[in-house]
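Student: I'd like to learn how to read a fold, from the whole chain down to a single sheet. Could you walk me through it?

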Amino acid sequence: MDIVITGASQNTLRHIDLTLPAGRLIALMGPSGSGKSTLAHDTLFAESRRRFLDCLSAGARRLLARPEKPRVDAIDGLPPALCLEQQMPPGHSRAVLGSITEVLDYLRIIYAAIGIPHDPATGERLSRLSPDEIAATLASLPEGARLTLLAPLSASFGAEPESDILQLRKLGYLRVRVDGCVRELEELEAAPPSSDSVCELVVDRIVVRPGSDSRIADSVQVALRLWPDELRALVQQRGEEPVLQCFHTRYRNPETGFTLPDLTPQLFSHYSARGACEACEGTGVKEGSDGNAIVCPVCKGMRLNAVALAVTLCFGSQEVNMGDFCNLTISRNRDLLQQLQIPPVYREALQTAVQELMRRLDCLQELGLGYLSLSRAAHTLSGGELQRARLAGQIGGGLSGVLYILDEPTIGLHPSETDRLLRALKRLRDKGNTILVVEHDPQLLAEADWLVEMGPGSGPLGGQVLAQGTYADFLANEASPTAAWLNGKRQFCKSEPVELSACKWIELKHANARNLKDVTLRLPLGAFTCMSGPGGSGKSTLVHECLLPALKAGKLTGADKGLRAVLLDQSLPGGTSRSTPATATGLLDVLRPLYASLPLSRQRGYSAGRFSLNVRGGRCERCCGTGHLQVDMNFLADLYTPCDACHGARYNRETLEVTWRGKSIAQAMALTVDEALEFFSPIPAAAAILQAMHDIGLGYLQLDRPSSGLSGGEAQRVKIATYLAKAAPKRGRREGERLLLVLDEPSTGLHFSEVDLLLRALYRLRAAGHTVLCIEHHQGILSRADYLVELGPGSGPEGGQIVSEGPP
């Protein structure tokens, strides 16, 4: 049944009606802020989650925060929805790639079933005997040997002699061995054993002869029911003195006395008290003496305790514990699993676990994540890696009849890896699921079953369905803004390339971090360079762990002392809850003196600091300038409510009385970039910043929007706009200042038209004398660069080399 949406009005959606075909791969596209995420996440997923909670019992619903119903008249045919997000929720410091994909669940079962235990202190392999093996050993003794089977009694035996002896009599036993001497129960009544005596119950006395096997086996079982860990036997062969033999059913080192508890899956879980490292509590990190996090010196980052790490599996000729196995790459895991030695008796029982484990590893490999390790902390994964990891878990899980929602799943993917992603999405679709992706990648759009375009603009100018249909329909649709990009009628802007022969060059030599193989990197100064290659090939390592530290340390050949690197990444701008696009770009620094110079401000003695949100005086002290109040909900997530004093304005009443052109500073900050550009046009410094934000495609953005509410792409473009404004002719920059601007996947989440704006901005930064370095896979951007560097040829150990470099 198709998903029929009627009258969707959430956020900026304009009462839209839309039908999404069930069981299809559907791509949702359009400019940033046009309503794509609102439709997918805030409407479809939110309504599915609300309906799920309605199915729970009243008692369960009382324990959960009840979500609001999305503003939509009706949604018919909505299946259960799963949103594969690109962020980890807070409070998951112990989550790793293996736990996200459920690989560790199956790995724990295998280690618990056929793991080979060792003494953590000595490394000596431990052994144990099954009841059948004990019985067979005793039955193999020479004929005529006399056996006395003993079951150890607890240390408290004899504390209440009458009760203890009566209990043994009820069970049919007559004798107890006390400190090596067998005594009748009647004797013990008269002279009970002392508190430090070693007492053992005589379970049976047997003479080994033909036909005694079954009696020995039965008596062994009886003795082990009384004391499961150990059975003792006095063995007296003809003409010899009795000898005490001990048979252990638990893993034990007879020399040190170390006994290993039963192997269970919990022992191999860093979430469990039984398995987690005691020093770091399963996080793999501790706080060092300087307050910084360091790798736990006890478990060496493996998260498990010494007992768990002393258990190995046999892979061909090598034994590997779970910590070492998880530290290997997924590609290596798959190779090792092919060599796993499983005892014949366990092969049928473990068949499902091994198959599920291999299926999930295959999915991770297919999705281009084979260079990662199962122990990789989830919070260190990029958004694209995390989303694809969750996708691998879903493909391996085998659900059907589900609506899967993914946001930009091609982030960080090389074109060859996008092909793998498409195969995975189609496999998930072919199981009877509906796949909804917010995406702009041409490869994915061409393979999608159905396309929906939102627009025509951003924010209030968006929220409409402009077109929908198959890819062929779109190519022929004259009314679709996206179609012009897909059918080649519109092309990305071009700029005259830099003459590389005239450029100065910087050079990094002998880069060997992580998987890099003695790389030498050369970059032209004052040019636009792009770096590409498969995921895990070493791009980020080369830039962030080698190039930037070398520049800071003055170890780059050809770099002037004045060359400074600036990382324009997707982290949120500003370091406080009061940060906004206006503060991050420096716009508020321009407007504060303006408002302080107004007649009412001069009359009251207000300085520019009066209009700052970071200091006392002009801000609302009830909310400390954030515009909202934080309510501690104890064990639940904190709740934020509008400030009841300033009602979200952030400033106090006296400050808000100062107005310029009829607007207080709070009212001015509530404008969008495009509205503010017209409003502040008489102020050149403010207009330059706002024009830069408009030029980069952020015209829809509200100036006082909290930075925490920006997407990664929006945050990065806010930073780019800051430097665009500084490059404006009237503002200038310090004489001789040249920057190395580093961007990581700047095209993430951008529509074709916004990529064009991004290119124009990068050209302007280059024209201002800066060197631009982008880690990027978007072919439109790569084709417009001055210089390309490609790493590879593969991922992880198969990468780490520059395979090609030069102009496009």
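Tutor: Happy to! Keep in mind that this is a predicted model. Start with contacts along the sequence: among those in the chain with a separation of 6 or more, 67% join residues 24 or more positions apart.

Student: What share of the 808 residues in the chain is buried?

Tutor: Buried residues make up 50% of them, where buried means under 20% relative accessible area. The accessible surface of the chain is about 36,900 Å², and carbon and sulfur atoms contribute 50% of that.

Student: How does the radius of gyration of the chain stand against that of a compact globule?

Tutor: For 808 residues, a compact globule would come out near 28 Å, whereas this chain has 35 Å. Along the principal axes, the C-alpha atoms fill a box of roughly 115 × 60 × 60 Å.

Student: Now the secondary structure. How many helices and strands does the chain have?

Tutor: There are 28 helices and 32 strands. As a general idea, strands of a sheet pair through backbone hydrogen bonds, either parallel or antiparallel. Here, one open sheet holds six strands in the order 9-8-10-7-11-12, with antiparallel pairing.

Student: Which strands stand at the edges of this sheet?

Tutor: Strand 9 (181–184) and strand 12 (243–248) do; each has a single partner strand, so one side of each lacks a neighbour in the sheet. On average, neighbouring strands of the sheet are turned by 35 degrees against each other, direction ignored.

Student: Over how many bridges do strand 11 and strand 12 pair?

Tutor: Strand 11 (residues 230–236) pairs with strand 12 over six bridges, in the antiparallel sense. To find your place in the viewer, look for Leu-234, which stands opposite Leu-244 in strand 12.

Notes: Residues numbered from 1 in each chain as written. Predicted model: local features only at pLDDT ≥ 70, side-chain atom pairs only at ≥ 80, totals over all residues. Heavy atoms only, no water. Pairing = 2+ DSSP bridges. Helix = DSSP H or I, 4+ residues; strand = E, 2+ residues; numbered from the N terminus. Axes fitted to C-alpha atoms, helices over the stretch in contact; angles between N-to-C directions. Rg over C-alpha atoms; globule rule 2.2 N^0.38 Å. Buried < 20%, exposed > 50% of the residue type's maximum accessible area, 1.4 Å probe, protein only. Contact = heavy atoms within 4.5 Å. Areas by Shrake-Rupley, 256 points an atom, 1.4 Å probe, with all protein chains shown as cover.
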